[in-house]
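Reader: I would be grateful for a close look at one part of this protein, namely its salt bridges and the elements they join. Please set that part in the context of the whole chain and of the other contacts that can be described.

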Amino acid sequence: MFRRCLRVLALPLVVAAALTLTAGPAAAAATAGLTTVEVAIPASGGKTLAGTVYSPREATGQLPGLVLVHGSGNGRRAGVTPEAIAFARQGIAVLVYDKRPLDQPEYFLLADDVVAAVGVLRAQPGVDPAAVGVWGISEGGWVDPIAAGRSADIAFLVLASAPAQSPLRVQNWNMRNKLAAAGVTGALADTLSDRLYRLANDAGMFAEADHDPTPALSALTKPVLAVYGTDDTQVPPAESAAELRRTVTAPLTVRFLPGAGHTLRVLDEDGMYTDTLYPGYAEIVGEWVRAVAAGDVPPAQSDPAPGQAAISSDLAPSAWWESWPAQLTVLAVLLVTFLAYPAIAVARRVRRRTVAVTRCARVLAGVGVLAVLGFTGYFVTVVDSANWRGISPGPMLAGRPVFWLALQVIALITVIATAMTAYAWRTATGDRLRLGLLITGGVLFLPWSLYWGLLLP
């Protein structure tokens with residue numbers, strides 16, 4: 001379950017997936033005035049990655065080069081073709097390539113592919129081998145500094161919407177923004193962010209979750225350009241820029257594009273990303289790359305940081321009782337204890353034995369199962385609805401999803417029914433074992449439901 005959830009939750013940072021939807025015939029038509037050359041990139045593990053080099057057709061002299069590195073997901077060249085075309089029109093030879101397919105990201109392996117791609121671009125006719133750099137968006141901002149530390153051939157770095165925090169911290173911040181945009185407040189916001197990510201990370205379903213980008217960033221010796229959109233809700237722009245200024249000792253230029261989102265692309269009227277880069281973005285990259293290639297490295301400078309409504313935070317490691325084995329065990333025990341009451345009754349009726357019926361116990365068994373299964377189903381459904389555009393918690397009422405409010409009412413009834421059943425157990429003359437088993441489930445339900453927010457405002 002959580003593996004599927006995490007693949008869905010990774011979508012907000014999967015820039016390539018969102019961008020690929022918009023790159024098509026229009027991108028091919030936009031290559032007028034450019035040359036394209038198909039290349040093969042020999043990667044580790046016997047892999048060969050297909051790539052394309054875009055260059056200005058009328059270029060004279062040697063060109064600076066730029067290798068484009070995808071964001072999360074199994075990105076294809078089409079996902080960053082608009083960037084390749086826009087940067088090539090700025091007088092740069094640009095290499096885009098199909099990302100190595102991986103079930104889970106491995107940043108050091110991806111960094112090796114970047115180094116291999118840089119070597120291919122440096123060998124292309126008309127490219128200045130001493131002026132080839134890398135551009136990386138989102139996840140690429142974690143990968144490119146690693147690659148730069150492995151190869152002296154990388155002359156500069158362009159980081160677009162690059163996070164300077166751990167993936168787990170960024171993803172949690174991203175989810176909280178989605179929940180806030182959907183109007184979700186209260187305990188459910190913690191359940192679908194902090195609780196979910198800590199559990200998933202504990203279960204080992206979140207690859208590279210605790211990757212620390214600081215060592216690679218602090219080791220950079222080549223010029224760096226970082227570009228952020230002020231309206232980015234997927235990577236904290238102000239925080240990331242501040243961390244870069246604190247960590248990077250190489251010449252650093254930080255630029256903010258007012259009103260731009262995570263992809264630094266223009267949105268259409270339906271809120272979908274287009275093939276058009278945000279105004280000024282391509283020019284910022286082109287001017288900076290040309291200056292660095294000419295030996296005129298801009299001095300360290302930074303645009304004023306934008307306001308950032310929410311601040312990200314690290315998640316504490318899970319305690320033993322929060323771990324996935326403990327949570328899975330509790331879930332199983334709850335279902336067994338609640339279902340055992342009616343199951344034993346049915347078995348006794350089949351054997352024509354007398355069955356004692358306690359009304360409060362029957363209520364407890366019913367609402368207990370409904371609370372546990374309802375919570376699990378709603379949790380998975382809402383998480384499954386998350387994508388790069390947001391999340392769908394269902395109809396809202398006073399900052400709470402209606403379905404969640406219903407589950408909270410059921411949870412409260414479960415607690416009340418537990419207390420009433422416990423009182424009835426004190427005076428029961430028979431069937432105390434069956435009632436005791438049911439009460440055990442009700443007692444365990446209390447801390448479990450408190451942890452997952454079912455009994456919290």
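Author: The account below begins with the whole chain, turns to the salt bridges, and then considers helices and single residues.

The model is a predicted one. Its secondary structure comes to 15 helices and 13 strands, and the C-alpha trace spans about 95 × 45 × 40 Å along its principal axes. Of the 457 residues in the protein, 53% are buried. Among contacts with a separation of 6 or more, 77% are accounted for by residues 24 or more positions apart.

Side chains of opposite charge can pair when their charged atoms come close. A search of the whole structure finds 15 salt bridges, and three of them are described here, starting with the pair D98 and R76. The side chains of these two residues meet at 3.3 Å, N to O. The pair links distant parts of the chain: D98 lies in the loop between strand 4 (93–97) and helix 5 (107–122), while R76 lies in the loop between strand 3 (63–69) and helix 4 (81–88), 22 residues apart. D98 is buried, because its relative accessible area is 8%, under the 20% cut-off. R76, in contrast, is partly exposed, with a relative accessible area of 48%. Both residues also belong to a network of salt bridges that links E38, R76, R77 and D98.

Helix 4, which follows the loop of R76, is itself largely enclosed by the rest of the structure, because eight of its eight residues are buried. These are T81, P82, E83, A84, I85, A86, F87 and A88. One of them, A88, is in contact with S55. S55 has its place in strand 2 (residues 48–56) and is buried, with a relative accessible area of 13%. Not counting residues up to four places away in sequence, S55 also touches G33, L34, T35, L63, I92 and A93.

The second salt bridge leads to helix 5. D112 pairs with R150, and the closest N and O atoms are 2.4 Å apart. This pair again links distant parts of the chain, with D112 in helix 5 and R150 in helix 6 (residues 140–150), 38 residues apart. Each partner is partly exposed: D112 has a relative accessible area of 32%, and R150 has one of 41%.

The third salt bridge also starts from helix 5. The side chains of R122 and D153 meet at 3.5 Å, N to O. R122 lies in helix 5 and D153 in the loop between helix 6 and strand 6 (157–160), so the pair ties together parts that are 31 residues apart in sequence. R122 counts as partly exposed at 26% relative accessibility, and D153 is likewise partly exposed, with a relative accessible area of 35%.

Helix 6, which holds R150, is mostly covered, with nine of its 11 residues buried. The buried residues are G140, G141, W142, V143, D144, P145, I146, A147 and A148. Their cover includes strand 3, helix 5, strand 5 (127–137), strand 6, helix 7 (167–181) and helix 9 (214–218). Helix 5 is thus named both in this cover and as the element that holds D112, the salt-bridge partner placed there.

A helix pair elsewhere in the chain offers a further view of the packing. The axes of helix 8 (residues 187–202) and helix 13 (residues 359–385) come within 12 Å and cross at roughly 75°, so helix 8 is roughly perpendicular to helix 13. Helix 8 contributes L188, T191, L192 and L196 to the contact, and helix 13 contributes F375, Y378, F379, V382 and V383. These residues divide into eight nonpolar, one polar and no charged.

A last charged residue to consider is D232, found in the loop between strand 7 (224–229) and helix 10 (237–247). D232 is buried, with a relative accessible area of 4%. The side chain of D232 makes a polar contact with that of H262, at 2.8 Å. Leaving aside neighbours within four places in sequence, D232 is in contact with S161, W173, P237, A260, G261 and H262. V289, by comparison, is 57 residues from D232 in sequence and 24 Å from it in space, C-alpha to C-alpha.

Notes
Residues numbered from 1 in each chain as written. Predicted model: local features only at pLDDT ≥ 70, side-chain atom pairs only at ≥ 80, totals over all residues. Heavy atoms only, no water. Helix = DSSP H or I, 4+ residues; strand = E, 2+ residues; numbered from the N terminus. Buried < 20%, exposed > 50% of the residue type's maximum accessible area, 1.4 Å probe, protein only. Contact = heavy atoms within 4.5 Å. Polar contact = N/O pair within 3.5 Å; in protein donor to acceptor, adjacent residues only side chain to side chain. Axes fitted to C-alpha atoms, helices over the stretch in contact; angles between N-to-C directions. Parallel < 35°, antiparallel > 145°, perpendicular 65-115°, else oblique. Nonpolar A, V, L, I, M, F, W, Y, C, P; charged D, E, K, R; others polar. Salt bridge = Lys/Arg side-chain N within 4 Å of Asp/Glu carboxyl O.
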